[in-house]
Amino acid sequence: FNVWTGEPRLIEPKMSTVDIIYGHGSTCKSRSCRCDDKTSLLNLYGPYNMLKLGSFVPNKSPTSQEDIALIELGRTVGRDTFGMVKYHGRFTLDEMHVLWTQNFAHGLFFQVDLPIRHMKLSNVLCEDVSPCNGPCPNRHTRTWQTFLNLYNKILGRYDLCAGGFNHTSLSDISTSLGWGCNYQDTRVLDYIDMSCMVGMLFPSGRKKNVNHAFDMPSGYNGHLGFGANAQLSIGMYNWLTFGGYAGAIALLDRTYVVRLKTDIRQNGLIKLAKGCANVERGAIWNGGAYGKMDHFVGGFSLLCGYSYSA
């Protein structure tokens with residue numbers, strides 16, 4: 001359920017296959033929360049409002065210089081982008097799937113997907129976007145400068161890190177039971193192939209580190225999932241294939257410790273408070289279509305496709 005679904009399974013009784021699929025990607029950009037413009041990778045929720053970072057955070061101490069800096073900054077009347085920062089970074093993903101599939105009789109087959117992911121976040125940079133000049137408050141305001149000087153200590157006081165990461169781990173293993181059909185008794189088309197699968201997604205992947213603001217799980221963060229998908233392909237002229245697929249994964253709810261927003265005016269990935277919450281991941285839908293031309297020019301083949309997930 002985690003890789004390009006491709007064409008339907010070739011149904012040959014007792015056939016066993018092992019596929020190794022590798023992918024690589026890297027980006028330093030993302031879409032904003034309105035999905036209408038590009039922004040820096042870690043700024044997808046907009047500039048971080050540090051003015052309200054400590055608002056209603058429990059257990060602040062009036063004797064701690066870090067908490068005093070939070071309290072004084074929160075009392076400052078803001079304007080424009082005062083008290084806001086942007087975070088930048090580059091995310092790199094290397095992913096490999098080892099896919100073992102075993103055919104049985106009557107079109108039945110069994111599949112196991114073993115995914116491994118290497119994820120890296122680098123070049124993390126915090127940019128002050130407060131006004132440089134003009135009326136107070138601005139970038140030179142005392143409470144803001146005090147906060148910036150103590151910022152790393154403030155995060156440390158609340159067991160939070162806002163830097164990069166680099167880790168390799170197993171992702172969520174999935175097992176599936178499927179049925180397929182390769183139909184060739186047709187006069188117009190070369191063949192009509194179809195297959196469908198149902199299965200389970202096991203929470204074997206590395207979970208998110210709640211004390212790292214930008215950390216990512218290698219799978220679905222410990223949620224058990226159940227999925228189904230179907231594929232269809234049609235061949236013609238001995239060289240042209242059209243196909244499509246659709247599927248969904250339903251993830252069960254799970255209760256665990258997360259970072260909590262304590263003020264509606266807080267935004268972004270950095271939150272000081274944490275507590276236990278019931279997390280509902282819901283369902284993930286995916287689909288796609290493709291066309292393939294086999295050996296149409298000098299032995300070359302061409303595959304074009306489109307995929308969508310929501």
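The paragraphs below lead through this predicted model, from its open and closed spaces to its aromatic rings, its cysteines and a few features of its backbone.

A good place to begin is the largest pocket, which has a volume of about 960 Å³. This pocket is lined by 25 residues, and those closest to its centre are Tyr 45, Lys 208, Asp 215, Met 216 and Leu 269. When the lining is sorted by class, 15 of its residues are nonpolar, four are polar and six are charged. Strand 12, which covers residues 254-260, supplies the largest share of this lining, with five residues.

Besides this open space there is also an enclosed one, since a search of the whole structure finds one cavity of 30 Å³ or more. The space in the largest cavity comes to about 40 Å³. Its lining is made up of Tyr 48, Asn 49, Met 50 and Leu 53, together with Gln 266, Asn 267 and Ile 270. By class, four of the residues that line the largest cavity are nonpolar and three are polar, while none is charged.

From these spaces the reader can turn to the aromatic side chains, of which the structure holds seven pairs. One of them is formed by Trp 144 and Phe 147, whose rings are stacked, with 5.5 Å from centre to centre and 15° between the planes. The angle explains the label, because planes under 30 degrees apart count as stacked. Both residues belong to helix 2, which runs through residues 142-157, and because they are three residues apart there, about one helical turn separates Trp 144 from Phe 147. Trp 144 is buried, with a relative accessible area of 0%, and Phe 147 is buried as well, with a relative accessible area of 1%.

Phe 147 also takes part in a second pair, this time with Tyr 151, and here the rings are tilted, at 5.5 Å centre to centre and with 40° between the planes. The spacing along helix 2 is again about one helical turn, because Phe 147 and Tyr 151 are four residues apart in that helix. Tyr 151 is buried, as is Phe 147. Taken together, ring pairs link Trp 144, Phe 147 and Tyr 151 with Phe 82 into a cluster.

Another contact with a ring involves a charged side chain: Arg 157 lies over the face of Tyr 158, at 5.6 Å from the ring centre.

Helix 2 also contains Asn 149, and this residue is exposed, with a relative accessible area of 62%. What is the distance in space between Asn 149 and Glu 66, which are 83 residues apart in sequence? From C-alpha to C-alpha, Asn 149 and Glu 66 are 9.9 Å apart.

The cysteines come next. A disulfide is a covalent bond between the sulfur atoms of two cysteines, and the structure holds zero of them. Why does Cys 132 form no bond with the closest cysteine sulfur? That closest sulfur is in Cys 136, and because it is 13 Å from the sulfur of Cys 132, it is too far for a bond. For comparison, a pair of cysteine sulfur atoms has to lie within 2.5 Å to be a disulfide. Cys 132 is partly exposed, with a relative accessible area of 43%, and Cys 276 is exposed, with a relative accessible area of 59%.

The last stop is the backbone. Most residues other than glycine have a negative phi, and most peptide bonds are trans. Against that background, the bond that joins Cys 136 and Pro 137 stands out as a cis peptide bond, with omega at about 0°. Pro 137 is placed in the loop that runs between strand 6, residues 108-128, and helix 2.

Two further residues are notable for their phi angles. Tyr 237 is not a glycine, yet it has a positive phi of about 60°, and Asn 238, also not a glycine, has a positive phi of about 65°. Tyr 237 lies in the loop between strand 10, residues 225-236, and strand 11, residues 240-251, and Asn 238 likewise lies in the loop between strand 10 and strand 11. Tyr 237 is exposed, with a relative accessible area of 56%, while Asn 238 counts as exposed at 72% relative accessibility.

Methods:
Residues numbered from 1 in each chain as written. Predicted model: local features only at pLDDT ≥ 70, side-chain atom pairs only at ≥ 80, totals over all residues. Heavy atoms only, no water. Buried < 20%, exposed > 50% of the residue type's maximum accessible area, 1.4 Å probe, protein only. 1 Å grid on protein atoms, 1.4 Å probe; cavity = no way out; pocket = protein on both sides within 12 Å on 5 of 7 lines; lining within 4 Å. Points joined across faces, edges and corners; volume = space filled by probe spheres on them. Helix = DSSP H or I, 4+ residues; strand = E, 2+ residues; numbered from the N terminus. Nonpolar A, V, L, I, M, F, W, Y, C, P; charged D, E, K, R; others polar. Phe/Tyr/Trp six-rings, centres within 6.5 Å; stacked < 30°, edge-to-face > 60°. Lys NZ or Arg CZ within 6 Å of the ring centre and 35° of its normal.
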